[in-house]
Every structure is written in C-alpha cells, then in structure tokens.
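Q: Could we go through this model together, one piece at a time? I'd like to start with a helix and then move around.

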Amino acid sequence: MADRRLFQNVAEQIMEMIQAGEFPPGSRLPGERELAERFGVSRVTIREAEIALQAMGKVRIRTGSGVYVTDACADEDLPSVSAFELTEARSLFEAEAAALAAPIISEELLEKLDDLLQMMASETDEDRFANEADREFHMTIASASGNAAITYVIKSLWRLRTDVPEVRAMHESICHHDGAARMEEHAEIVRALRARDPAAARAAMRRHFNRLLEVMLNAKEEREIEELRSRAAASRARFLMSATLG
C-alpha cells in the first residue's frame, strides 16, 4: 500500500488539535502561512489538508474569510457501525430520496449533477477531491427530494462514512478498484432523474449500493483468506523447523 500522503498526516494532526480543544467549534484556524511554518510543510499542503477536513465535515472553508471549525467537531459519541451496516442503511434512504427527487428535481440541480460527474471523471480515485465530489453528488440528490428529514438522515450517514475509522478504512481499501463502475452507476442515476422516472432512479441507486456491498464483501473475504494463509505458513515453518532438529 502506498505511503500516506503528507496532507493526510497534517490533517490528522490538525484534527487532534481540534479534539484537544486548541481550536474549539466555531473558531477560526490560523492562516495558511502560520500553519505551514508550524508543521514545516508548504502552504499547498496546508490547503490540501483543510480541503480534506472540510470533506470530513470538520471545518468549513469560507472564501475570503478563513477556515472555521464546525460544530460537528464537538465531543460526540458516534454509534459503532460496520461499513456493511452503513452501506445497507444508505441504500435504503438514498434509494427513496432518489425516487422522491425524480419528479421534482430542477434543471439547475440536474446540471449540477452533470458538473459533479465531470469532476469525478477528471480526477483519479486517489485525488483529494474525489470523495468530496461523491458526497456532494449524493447530498444534492438528497436535497432534491424535498424532504428535510431524509436530507438530515443522509447527511448524518455521510458523517459515519468519514468519521468512523473502521468504515473509512474499508472505503479507502476499495476506492482504487472500482472507479469506472462507480462513474457509470452515478451516470445511470442521473439519467433516471432526468427521465423523471422514480422507479428507475430508485433501482439505479440500489444497484449502486448493492455493487458496493459486493466489493466490500469480496475485499473482506480476500483479506481473511490472506490472513489464514499467513497463519498456515507460519505454522508450517514452525513445525518443519522442529522436524529438522538433530
């Protein structure tokens, strides 16, 4: 696995400072220059770290004003969920949100979804903007449902996607393997929305999450098989060594 990017390490350090109370909710982070000097990195790296933190919902970047810690960073216990449970819940809520959105979504929001598709297509899976564009895509559809309660639930589910370490690790482990499939699935959802077809929009969203569940299950199975092989190899080496002792 490739080394973690520098901006990710910086983002984690800033997050630790936030959690320690150095930057409380609502406060403004120091400027890029000050943070760059503090961490011994470039201002570009600081900017990338702040974008990553914004994608996680930890800060809000206000153009011309600065970067502010969000209320989401206040101490709050998140439920212990698996990536499989979360994906199952997202499938249920987001499929219905898509169905509700289909008859009423505006042309403006359809154009926004097209722009987000282009953004996701132009960036590699490893690019820092990919997850933010993906989140914005799904949240745009949630908002287009016209149901504030559903929008709130989906936003909360996205928090679990980014803030629960085990869930985040699972997504990071598979995100490099299914970019083309995800792009086509997103495009299919937009086509159904543009056709004003609730049933097709619901089905397209469900297919998107069903495939994601399959990818996760395959990754988990492969990891468990590899762990079993490693244990078997260690056991074999141990007993073969004892058999050769004179």
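Q: How far apart are the end C-alpha atoms of helix α7, and what span should its 16 residues give?

A: The ends of α7 (residues 148–163) lie 22 Å apart from C-alpha to C-alpha, and this agrees with the 22 Å expected at 1.5 Å a residue, where the expected span is 1.5 Å times one less than the number of residues. Helices here are DSSP runs of H or I with at least four residues, numbered from the N terminus. This is a predicted model, in which local features need pLDDT of at least 70 and side-chain atom pairs count only at pLDDT 80 or more, while totals for chains, interfaces and linings use all residues. Residues are numbered from 1 along each chain as its sequence is written, and side-chain values use heavy atoms, with hydrogens and water left out.

Q: What caps the N-terminal end of α7?

A: N147 does, with a side-chain oxygen 3.0 Å from the backbone nitrogen of A149.

Q: Switching to α2 and α3, at what angle do they pack?

A: Helix α2 (residues 32–39) and helix α3 (residues 43–55) pack at about 105 degrees with their axes 8 Å apart, the axes being lines fitted to C-alpha atoms over the stretch in contact and the angles running from 0 to 180 degrees between N-to-C directions. The two are therefore roughly perpendicular, a label for angles of 65 to 115 degrees.

Q: And which residues meet there?

A: From α2, E32, R33, L35, A36 and F39 meet R43, I46, R47 and E50 of α3, where contact means heavy atoms within 4.5 Å.

Q: Is H186 buried or exposed?

A: H186, which sits in helix α9, is buried at a relative accessible area of 1%; buried means under 20%, exposed over 50% and partly exposed in between, with a 1.4 Å probe and protein chains only.

Q: What does the side chain of H186 make a polar contact with?

A: Its partner is the side chain of D134, at 3.1 Å; a polar contact is a pair of N or O atoms within 3.5 Å, and within protein one must be able to donate a hydrogen and the other to accept it, with residues adjacent in sequence counting only if both atoms are side-chain atoms. Leaving out residues up to four places away in sequence, H186 touches L117, M120, D134, F137, H138 and H208.

Q: What about the phi of R196?

A: R196 has a positive phi of about 60 degrees although it is not a glycine, and its place is in the loop between α9 (179–194) and α10 (198–243).

Terms used: Angles under 35 degrees count as roughly parallel, over 145 as roughly antiparallel, 65 to 115 as roughly perpendicular and the rest as oblique.
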